[in-house]
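Welcome! Please take a look at the model below before reading on.

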Amino acid sequence: MIQQLRDANKKGMHICVGLDTDLTKIPSHILRADDPLFDFNRIIIDSTRDYAAAYKINLAFYESLGIRGIESMLRTIEYLQNEVFVIGDGKRGDIGNSSDMYAKSMYEVYRFDSCTVAPYMGQDSIEPFLKYEEKLTYVLALTSNPGSKDLQLKKTEQGTTVFEETVELCRNLNVKNNTGLVFGATQKKMLEEKISAFMNFDLLLPGVGAQGARLEDIIPVFAANNSFRYLINFSRSLLYCDTSVRFHEAVRSEIKKTDDLIRQYL
């Protein structure tokens with residue numbers, strides 16, 4: 001599935017649909033369904049699959065609902081499986097046997113094609129995921145939230161930032177070419193300055209839309225070199241662009257408009 005994602009990138013497909021599905025925000029008529037979480041996801045998927053290179057499932061929105069939410073998530077994964085790249089956004093991060101078990105749950109139990117990992121505890125929190133050579137593991141490098149400055153942009157004794165050290169660590173670990181980086185689209189200045197460091201990584205860029213980053217600012221950074229592999233995530237700005245009974249039409253129109261804009265630059 002990694003190659004399928006990279007082939008989609010080569011064709012100019014760079015949209016990742018983030019399924020951060022919140023029952024308090026979905027159209028009210030969907031709430032009458034037996035499984036409203038899955039039903040909403042299914043309609044979103046059917047409305048966007050022609051333009052999406054990947055889908056990202058944020059586990060927090062499903063785990064917070066207990067068993068019922070997990071069951072809806074599993075149905076969603078099954079609905080997508082073998083057709084398009086699926087990322088499990090759980091930001092796992094631990095060491096030793098705990099990290100082994102997290103990797104097993106994401107890749108063997110949930111059967112995601114990819115997942116997100118927090119590197120705070122060092123390489124032994126990342127390596128268990130990279131053992132799954134056919135999976136793509138995205139490591140948090142520089143995130144889109146304001147709090148990224150609290151740690152990720154701090155300078156080390158060597159004069160580099162913590163996120164730069166994270167990128168270098170990932171470069172050393174990327175022997176199987178299955179390591180990706182999460183880099184916030186809100187960090188445009190840093191993206192422009194450090195873009196050459198990301199050449200051999202798959203990038204996942206959250207932050208466009210509700211978090212304030214603009215697609216028009218991000219795409220030109222990559223447009224000069226089509227060899228970059230990247231996904232730009234769209235969640236709330238796409239999922240909840242309309243709450244009427246015909247919301248699927250608005251969602252399809254919105255993702256087509258976004259895809260058209262990306263292709264203008266490419």
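Here is a short tour of the barrel and its pockets.

## Ground rules

This is a predicted model, in which local features need pLDDT of at least 70 and side-chain atom pairs count only at pLDDT 80 or more, while totals for chains, interfaces and linings use all residues. Numbering starts from 1 along each chain as its sequence is written, and side-chain values use heavy atoms, with hydrogens and water left out.

## The barrel

Eight strands (DSSP E runs of at least two residues, numbered from the N terminus) close into a barrel in the order 1-2-3-4-5-6-7-8, with parallel pairing; pairing requires at least two DSSP bridges. On average, neighbouring strands are turned by 30° against each other, direction ignored. The axes here are lines fitted to C-alpha atoms, for helices over the stretch in contact, with angles from 0 to 180 degrees between N-to-C directions.

Strand 1 (residues 15-19) and strand 2 (residues 52-58) are joined by five bridges, and C16 stands opposite A54 in strand 2. Helix 12 (residues 247-265; helices are H or I runs of at least four residues) packs on the sheet, touching strand 1 and strand 8 (229-234), where contact means heavy atoms within 4.5 Å. The direction of helix 12 makes about 150° with that of strand 1.

## The largest pocket

A pocket is an open set of points on a 1 Å grid over the protein atoms alone, where a 1.4 Å probe fits, with protein on both sides within 12 Å along at least five of seven lines; lining residues have an atom within 4 Å of a point. The largest pocket holds about 420 Å³, the space filled by probe spheres set on points joined across faces, edges and corners. Its lining has 22 residues, with K56, K91, S144, P206 and Q211 nearest the centre.
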